[in-house]
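Hi,

Here is the structure I promised to pass on. Have a look at it first, and my notes follow underneath.

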Amino acid sequence: MQVGTPEVTSAHFAGSVLLLVVNQKVYVYDYEANFWTASTGIQHPVSHVSGDNCCYSGNSFCMDISNSVFAYLRGDQVSQANIYFSNSRGYRFQKYTQERRAELVGTFGGIFSFHSLSQVGLLLVDEQMAMFSYSDHPLNRSFGLPFDYDRALDILIAPGLKGILIFWSEKNLLVSRNSGQLVESVQVREGQRILYNSIVKANITIHSVAANENELAVLTEENNLYYGSLGIQSSSLIKFADQNIWSQEAVLMFTDVGMLEILTPLRDVLFPAFDFQKCRLNIQALLMDPQLQAGVCKVELLQGEFENKMYTIDMNSQLELTALMIPRPGTLPVPLVSVSNPHSLGLQAVICEDGYTYDGNTKHRLNISLKQQHHWGRADPNFTSSIKRPTISTITLDIANKEISCVDLKPLTALISVGCDLEKKIVIQNEFSACYHGVLDPVALQDNYSYIIEREAYDPNFQGQQAKKDLEVHYPYEKLGCPLLAYYDIPWKPVVELWREGKFQEVVEAEYVLLEMNGLFTYTYSLTAGTAGCSAQPQNWTTITKMAGDTASFSWDRENYMSCHDPNYHEPLRWPDVPYQILGGQTENKVVFDQRNGIYIFFISIVDPSYSYCRLETTFSVYVYGAFPLSIFPPEITIVLLTAATLLSVWLAYMIPQLLHTEQGLEGNGFWVRLYQRCRKSGACLWGRC
């Protein structure tokens, strides 16, 4: 761990660990366990690490954000830069590749995960100008607007996942509110008057910068403290009264809304640890100085039940949010609602009066409707992100042109995951089971019930080939309950229900697939690729299994499904007579069972990529009845034998009466009469009557 003279060039908190780049290597310090280690997987020198944090505890989706870290060397050509990515909070890295990076021109200025935009952004620097390149549709077809970059800028990602970036150096300060798509200079104000349009013109030297979700503070070497709001519109700073607060080692840190600390480390001559001198500032109290001309906040109350919460919007779902605003008497502030990722999340907001307070102030209620941008029908397809890809966005409610004195009136923000709703599941309707009709005994099924599958009926490799021996299957009643009942000679398909949080939602009409889990292949489908109207060769379990290899047997899902009715699916239709193995959707396809009675245990997977982001899967059982045992002889031989026996019976019925009237017939008749009398006499003796 010794590195000679250490030089720290970058640092990042990832959850409960601190990542430090020391002498072009990444080190991890777990401050909860007091444990140091070096990162693994990085084969080249690096100068910086970048990442973000999500503070919605207990959410797995949120943990993935905090675990994601990039490591890179700033200054290389972007096409040749060595970039590493970690999804383990920096403990292990692997080489990161991105499509079309070889086509980019310029110097590599950094790489960042813009989670609020569901993009990865590369900063390109060329001839004292910089711009961002993005990883995914629709932003990967263009660049962000260029901005001045005459010297290296440190980039601070403001907390809150709102896409706010702060670019700063000693002589410049820039802000972006949309993950680098538009970068603007920060103005310096005095009251309502603009003193400088940019920090460059203010001729100050920045020493330290701090930001929280809504506030920005700057400490300069000229011993001045500047403060500003990261509002929904333009950002600006005001200068507080001169104080003796600067030192070479001083830094800024927000501890709460409107509470700022200036920290200065104090060296102990007897102990290697440092103490800190803390200068605590109450921003709201400082803004009361009339010389600052901060103005009076026009809003008394802004609140909503969605503040600092996380929601999930699945496909075809909608979210309704409400907020309450109470303005000061005689004012009419304008509330603004924005989303950080408009390519994925669309909104509609309506404001209305909602009564009065005890003081006579008007209450205004804001109703916000959120759903996927695709389903609003108002955006061009070239603007919306891919509907197959889960994304996230933040929604922010703020006041337009809010006064800088509204320190305690922070914007209302919520995190929206456009993805899988983990509360959803599918259930197979089982109103009339085999136990309900008395075909099977539930008591027997619960008593370690097992059954035999003949070797001619199953294939353990799911290839439709006969097995070498019979298979004994233990029936898991605790998991499957009593099987459904299906008659073998009637085409059948299950009724699939969608449930959420224990409540029925709808009957699923989306496309899904079935597979018998023990390898039974004694069933087929009522439609073929041709009769199903396919324009391309449909997928089936054989092709999917070959694609997946040995990774999983039941691997057909929304991620790898391609509809044969999709015009963008160009697999030629070579075999129109093969069974069409997809149920639901726009076809009336059903399962057709062979002439065999028994239990089938099916795996079911919803494969329609436009129904839900979740992998909706389950297992259920079916008991097929009504099939007579198969004949030992071929049907042709049976028909011939029955026909011959019928003809023989007719011939004997005609000939026997005719023969009885002949001499041979009379002799034969006498023989049978004597035989009958003899047998009758023998029977009487047997019973003791002779």
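D421, R500 and E501 are joined in a network of salt bridges. This is a predicted model, by the way, so read everything below with that in mind. Within the network, the side chains of R500 and D421 come to 2.5 Å, N to O. That pair links distant parts of the chain: R500 belongs to strand β38 (residues 496-500), while D421 is in the loop between β33 and β34, and their positions lie 79 residues apart in sequence. How exposed or buried is each partner? R500 has a relative accessible area of 28%, so it counts as partly exposed. D421 has just 7%, which means it is buried.

Two more pairs caught my eye out of the 18 salt bridges that the structure holds.

One is K424 with D314, where the closest N and O atoms are 3.4 Å apart. K424 sits in strand β34 (residues 424-428) and D314 in the loop between β27 and β28 (318-327), so this pair again links distant parts of the chain, 110 residues apart. Both ends are buried: K424 because its relative accessibility is 15%, and D314 because its relative accessible area is 1%; the cut-off for buried is under 20%.

The other is K410 with E307, with 3.9 Å between the closest N and O atoms. K410 lies in the loop between β32 and β33 (412-418) and E307 in the loop between β26 (299-304) and β27 (310-313), so the salt bridge ties together parts that are 103 residues apart in sequence. Here K410 counts as partly exposed because its relative accessibility is 31%, and E307 is partly exposed too, at 26%.

Now for the domains. The chain is divided into domain 1 (1-149), domain 2 (186-294), domain 3 (299-418) and domain 4 (424-625). I looked at how domain 2 meets domain 3. Their C-alpha centres lie 30 Å apart, and the contact takes 14 residues from domain 2 and 15 residues from domain 3. Together the two domains bury about 1,200 Å², with 62% of that on carbon and sulfur atoms. What about salt bridges between domain 2 and domain 3: how many are there? The count is 0, and for polar contact it is 1 residue pair. On the domain 2 side, β21 (225-229) and α3 (283-286) each supply at least two of the residues that touch domain 3. That side divides into 7 nonpolar, 6 polar and 1 charged residue.

Last, a couple of spots towards the start of the chain. V49 is in strand β5 (residues 48-51) and is buried, because its relative accessibility is 6%. Leaving out residues up to four places away in sequence, V49 touches S10, A11, H12, L19, V21, V26, V69, F70 and A71. L73 is 24 residues from V49 along the chain, and their C-alpha atoms are separated by 8.9 Å.

Then there is helix α1 (residues 60-67), whose buried residues are C62, I65, S66 and N67. What do they pack against? The answer is four strands: β1 (8-14), β6 (69-72), β7 (83-86) and β32 (391-399).

Cheers

Key:
Residues are numbered from 1 along each chain as its sequence is written. This is a predicted model: local features need pLDDT of at least 70, side-chain atom pairs count only at pLDDT 80 or more; totals for chains, interfaces and linings use all residues. Side-chain values use heavy atoms; hydrogens and water are left out. Domain bounds come from an automatic or database domain assignment. Contact means heavy atoms within 4.5 Å. Buried area is the accessible area (1.4 Å probe) that two parts lose on being put together, summed over both. A salt bridge is a side-chain nitrogen of Lys or Arg within 4 Å of a carboxyl oxygen of Asp or Glu. A polar contact is a pair of N or O atoms within 3.5 Å; within protein, one must be able to donate a hydrogen and the other to accept it, and residues adjacent in sequence count only if both atoms are side-chain atoms. Ala, Val, Leu, Ile, Met, Phe, Trp, Tyr, Cys and Pro count as nonpolar, Asp, Glu, Lys and Arg as charged, and the others, Gly among them, as polar. Buried means under 20% relative accessible area, exposed over 50%, partly exposed in between (1.4 Å probe, protein chains only).
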